[in-house]
Amino acid sequence: DLKEATAVEHNNGYSFVTINPNDTTTLTEFEEKLKKFVNRNMFIKYRYVIEQRGSTEKDMGKGFHAHVLLKRNLDYKPSKIVVNTKNTFKGITNVDNNQVLNIQHIGEDFAKDKDDYMTGVKTGEGKDAKQAIDKIFRVKNNLESVYGQPFFEK
């Protein structure tokens with residue numbers, strides 16, 4: 001199919017979005033926005049994680065954010081996905097700041113790496129402590145460790 005071939009050629013069959021809501025957004029509001037976002041017609045598959053930046057129980061929950069991997073509905077151009085994504089999150093974050101709302105269009109190889117990144121064990125400076133707190137944070141807030149279906153066979 002032509003659209004599929006074009007997406008493969010342009011390495012943009014998937015989108016990877018990181019959303020950092022502003023400090024006034026509640027976790028519940030954020031969860032609702034995420035659910036609405038991933039179920040929009042412009043995506044045919046999604047997988048996401050909600051994380052936070054605390055590395056001790058005392059600062060647990062600070063800076064909660066989400067990483068979202070999406071397989072796009074090829075009827076929607078990447079530029080349209082950007083516009084729609086910004087519209088979805090404009091009430092809870094500065095959608096024009098790439099540091100807080102980061103939208104990338106990626107190909108399958110990069111999508112596999114992102115999938116592994118979201119669901120695997122992270123390495124690097126302080127990542128293991130933060131991941132331990134992420135687990136406690138998720139349990140305390142009834143969050144799943146990963147939302148959505150696996151995209152790729154392991």
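Exposed here means over 50% relative accessible area, so I44, at 57% relative accessibility, counts as exposed. Keep that cut-off in mind while you look around this predicted model. The tour below takes in three helices with one buried side each, a pocket, and a few single residues.

**Helix 3, buried on one side**

- Helix 3 runs over residues 78–89, and its twelve residues should span 16 Å at 1.5 Å a residue; the end C-alpha atoms sit 17 Å apart, which agrees.
- Its buried residues are P78, I81, N84, T85, T88 and F89.
- Those residues cover an arc of only 120° around the axis, which puts them on the same side of helix 3.
- What do the buried residues of helix 3 pack against? Their partners are strand 1 (14–19), helix 2 (27–38), strand 2 (43–51), strand 3 (65–72) and strand 4 (101–106).

**Helix 4, up against the strands**

- Helix 4 (residues 108–119) also has its length checked: twelve residues reach 16 Å from the first C-alpha to the last, close to the 16 Å expected at 1.5 Å a residue.
- A111, K114, D115 and M118 are the buried residues of this helix.
- Looking down the axis of helix 4, you'd find its buried residues within an arc of 105°, so they line one face of the helix.
- That buried set packs against strand 1, strand 2, strand 3 and strand 4.

**Helix 5, with two faces to look at**

- The 14 residues of helix 5 (residues 127–140) should span 20 Å at 1.5 Å a residue, and the end C-alpha atoms are indeed 20 Å apart, which agrees.
- On the buried list for helix 5 you'll find K130, Q131, I133, D134, F137 and R138.
- Seen down the axis, the buried residues of helix 5 fall within an arc of 165°, so they line one face of the helix.
- Helix 2 and strand 2 are among the elements that cover these buried residues.
- Which exposed residues sit on the face of helix 5 turned away from its buried side? That face carries D128, K135, V139 and K140.

**The second largest pocket**

- The second largest pocket holds about 190 Å³ of space.
- Its lining is made up of L2, K3, T6, A7, H10, N12, R72, L74, D75, Y76, K77 and P78.
- Sorted by class, that lining has five nonpolar, three polar and four charged residues.
- Which helix gives the most to the lining? Helix 1 (residues 2–9) does, with four residues.
- P78 is worth a second glance, as this pocket-lining residue is also one of the buried residues of helix 3.

**A7, a buried spot in helix 1**

- A7 belongs to helix 1 and is one of the residues lining the second largest pocket.
- Is A7 buried or exposed? With a relative accessible area of 4%, A7 is buried.
- Leaving out residues up to four places away in sequence, A7 touches N12, G13, R72 and L74; N12, R72 and L74 also appear in the pocket lining.
- A7 and E108 are 101 residues apart along the chain, yet their C-alpha atoms are separated by 9.8 Å.

**I44, an exposed spot in strand 2**

- I44, the exposed residue from the opening, is found in strand 2.
- I44 and L70 are 26 residues apart in sequence and 7.5 Å apart in space, C-alpha to C-alpha.
- Not counting residues up to four places away in sequence, I44 is in touch with K71, R72 and N73.
- R72 therefore links two parts of this tour: it's a contact of I44, and it's in the lining of the second largest pocket.

**Two asparagines with positive phi**

- Most residues other than glycine have a negative phi.
- N11 has a positive phi near 55° and is placed in the loop between helix 1 and strand 1.
- N11 is partly exposed, at a relative accessible area of 47%.
- N142 also has a positive phi, near 55°, and it follows helix 5.
- The loop that holds N142 runs between helix 5 and strand 5 (147–148).
- With a relative accessible area of 69%, N142 is exposed.

Technical notes: Residues numbered from 1 in each chain as written. Predicted model: local features only at pLDDT ≥ 70, side-chain atom pairs only at ≥ 80, totals over all residues. Heavy atoms only, no water. 1 Å grid on protein atoms, 1.4 Å probe; cavity = no way out; pocket = protein on both sides within 12 Å on 5 of 7 lines; lining within 4 Å. Points joined across faces, edges and corners; volume = space filled by probe spheres on them. Nonpolar A, V, L, I, M, F, W, Y, C, P; charged D, E, K, R; others polar. Expected span 1.5 Å × (residues − 1). Buried < 20%, exposed > 50% of the residue type's maximum accessible area, 1.4 Å probe, protein only. Arc of directions from axis to C-beta. Contact = heavy atoms within 4.5 Å.
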